[in-house]
2 protein chains.
Amino acid sequence: MGDTSAPSQGPKIHTEVKDSDLVFRRRRQIVDAAVHLFISKGFHKTTTREIAKAAGFSIGTLYEYVNSKEDVLYLVCQAIHSEMEQRLKQRLRHGINGARDLEAAISVYFTVCDQMSDHILLIYQETKSLPAESRRFVLEHELRITGVFKDLLARGVADFSLRPLHPPEITLVAHNIMVVGHMWGFRRWALAPSFSLEQYIQLQSDYLLGELT
Amino acid sequence: MGDTSAPSQGPKIHTEVKDSDLVFRRRRQIVDAAVHLFISKGFHKTTTREIAKAAGFSIGTLYEYVNSKEDVLYLVCQAIHSEMEQRLKQRLRHGINGARDLEAAISVYFTVCDQMSDHILLIYQETKSLPAESRRFVLEHELRITGVFKDLLARGVADFSLRPLHPPEITLVAHNIMVVGHMWGFRRWALAPSFSLEQYIQLQSDYLLGELT
DNA sequence: ATTATCTATAGATCTATAGATAATGC
DNA sequence: ATTATCTATAGATCTATAGATAATGC
């Protein structure tokens with residue numbers, strides 16, 4: 001997780017430390033350490049001691065910046081979604097027609113999914129381990145990303161580069177795009193023997209968009 | 001998990017008990033108990049004591065039938081896949097043309113996904129907690145189910161009810177069907193406000209098959 | 001003085017097993 | 001005698017915190 005942009009809103013996590021810039025930096029250390037540990041060992045098999053050690057400070061210090069191990073998981077999930085959203089939005093373009101922009105966005109998104117497949121898998125696996133409130137917020141973040149595709153679809157419909165679609169259809173297609181992107185992550189073991197990422201993007205784009213024109 | 005059919009093959013789990021029919025019955029008790037606990041609390045937060053108690057015997061007895069908690073998870077994953085495979089295959093029909101049979105199979109499969117969505121989610125979440133060897137076997141079982149759709153697609157191509165498809169395309173579409181079925185399970189919170197299961201099946205079938213004729 | 005960090009540990013589990021007991025069939 | 005089951009617990013953790021120490025700025 002390079003740069004963790006400001007976590008929009010969501011449940012605030014209590015800290016004993018006053019210096020908010022220090023809190024920000026230390027939490028980034030915590031997230032960077034925990035992401036890798038959670039990906040390789042899973043949330044439950046990672047100990048708070050390991051997280052503290054990998055972050056470069058002691059277990060006592062860790063607990064000055066979070067109240068519980070679940071807080072660390074929440075920070076990690078937030079950071080992953082923020083990173084995905086940022087990488088995606090950064091490379092969106094607003095060209096002449098919605099259909100083309102959508103196709104380009106799918107390509108960008110699938111590339112991000114490829115790069116972050118371990119992180120996506122982690123969210124699938126561990127969202128359930130979050131306390132109810134933070135889980136809700138993580139799922140909302142997922143919907144916010146889905147909203148990017150909804151918007152592009154709506155724009156394509158509006159400028160007639162896509163055929164007319166009812167709102168529920170737009171929802172469905174947006175979710176399909178999301179899940180087919182994730183699928184490259186969690187089924188790569190089955191898909192990679194047959195496809196390169198580029199081929200996967202090409203073929204899935206054709207299937208996803210073929211019905212929409 | 002009603003009836004757990006014979007677990008085809010895969011890593012055998014050691015037991016101290018000689019009576020193989022008893023082993024079969026006790027393991028079914030273990031699976032039935034563990035499935036529900038794992039679904040509601042997750043694998044790691046469920047204790048072996050709870051599993052034993054819910055199964056109706058003591059912790060000592062549990063360990064006569066498995067060697068480890070991971071063995072229980074393996075039994076559970078196996079049982080879920082067997083059940084899915086069985087429910088799906090049971091209702092497959094072999095009609096006049098492949099395209100129709102495929103459409104019917106998708107409908108059956110999505111209905112099974114609806115009924116077993118908690119179980120599917122469990123597999124997504126906990127496969128990673130399995131030891132390497134049993135994980136491999138669980139993933140193979142997943143491929144075996146995907147193979148059902150590959151076969152139907154190949155048959156549709158052969159009898160010209162579907163357009164010609166390269167083998168990699170058949171693989172891709174089969175995986176898409178699988179994942180779009182699962183998606184109803186793990187995204188129902190986002191989809192159910194817009195669709196009933198029947199509408200979901202109808203629309204997704206159209207999208208999945210529209211490109212294939 | 002205040003803030004941040006560390007060390008040491010309380011307190012609470014949890015898995016897996018050893019050894020005792022009950023049930024079954026010769 | 002053999003097989004299945006149970007009780008009791010060894011042994012190993014792990015989270016979270018209390019209280020001590022070091023660093024910073026008045």
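In the predicted model, at least two residues each of the surface near DNA strand C are supplied by α1 (20-41) and α3 (59-65) of chain A and by α2 (48-55) and α3 (59-65) of chain B. Helices (H or I, at least four residues) and strands (E, at least two) are DSSP runs numbered from the N terminus, and a residue is near a molecule or strand if one of its heavy atoms lies within 4 Å of it. The model is a prediction in which local features need pLDDT of at least 70 and side-chain atom pairs count only at pLDDT 80 or more, whereas totals for chains, interfaces and linings use all residues. Residues are numbered from 1 along each chain as its sequence is written, chains are lettered from A and ligands numbered from 1 in the order in which they are written, and side-chain values use heavy atoms, with hydrogens and water left out.

Chain A contains 10 helices and 0 strands. The C-alpha trace of chain A spans about 60 × 40 × 25 Å along its principal axes.

DNA strand C is surrounded by 22 residues, of which the closest are A:Arg26, A:Thr61, A:Tyr65, B:Thr48 and B:Tyr63. The largest share of this surface, 5 residues, comes from α3(A). By class, the surface near DNA strand C holds 7 nonpolar, 7 polar and 8 charged residues; here Ala, Val, Leu, Ile, Met, Phe, Trp, Tyr, Cys and Pro count as nonpolar, Asp, Glu, Lys and Arg as charged, and the others, Gly among them, as polar. Sugar or phosphate accounts for 71% of the atoms of DNA strand C within 4 Å of the protein, and bases for the rest.

Individual polar contacts (pairs of N or O atoms within 3.5 Å; within protein, one must be able to donate a hydrogen and the other to accept it, and residues adjacent in sequence count only if both atoms are side-chain atoms) were also computed. An N or O atom in the side chain of B:Tyr63 is 2.4 Å from a phosphate oxygen of DNA strand C, and a backbone N or O atom of A:Ser58 lies 3.0 Å from a phosphate oxygen of that strand. A base oxygen of DNA strand C lies 3.1 Å from a polar side-chain atom of A:Arg49.

For DNA strand D, 22 residues surround the strand, and A:Tyr63, B:Val17, B:Arg26, B:Thr61 and B:Tyr65 are the closest. Of the atoms of DNA strand D within 4 Å of the protein, 70% belong to sugar or phosphate, the rest being base atoms. Phosphate oxygens of DNA strand D are found 2.3 Å from a polar side-chain atom of B:Tyr65 and 2.4 Å from an N or O atom in the side chain of B:Thr61. The side chain of B:Arg49 places an N or O atom 3.1 Å from a base oxygen of DNA strand D. Two or more residues of the surface near DNA strand D come from each of α2 (48-55) and α3 of chain A and α1 (20-41) and α3 of chain B, with α3(B) giving the largest share, 5 residues. This surface divides into 7 nonpolar, 7 polar and 8 charged residues.

The relation between the two protein chains was computed by least-squares superposition on the C-alpha atoms of residues with pLDDT of at least 70 in both copies. Chain A is superposed on chain B by a rotation of 180° with 0.0 Å of shift along its axis (RMSD 0.0 Å). That is the relation of a two-fold axis. In chain A, the C-alpha nearest the axis belongs to A:Gln125, at 2.1 Å.

In the interface, 44 residues of chain A are in contact (heavy atoms within 4.5 Å) with 44 residues of chain B. The copies meet through the same surface, because 100% of the interface residues of chain A are also interface residues in chain B. About 3,600 Å² is buried between the chains, and carbon and sulfur atoms give 64% of this area; buried area is the accessible area (1.4 Å probe) that two parts lose on being put together, summed over both. A:Leu172, A:Arg187 and A:Tyr207 supply 20% of the area that chain A buries against chain B, more than any other three residues.

Between chain A and chain B there are 4 salt bridges (a side-chain nitrogen of Lys or Arg within 4 Å of a carboxyl oxygen of Asp or Glu). In one salt bridge, the side chains of B:Arg187 and A:Glu142 meet at 2.3 Å, N to O. The chains also share 10 residue pairs in polar contact, both residues at pLDDT 80 or more. On the side of chain A that touches chain B, two or more residues each come from α1, α6 (117-126), α7 (132-158), α8 (167-186), α9 (188-191) and α10 (197-210) of chain A. The most, 12 residues, come from α8(A). By class, this side has 21 nonpolar, 13 polar and 10 charged residues.
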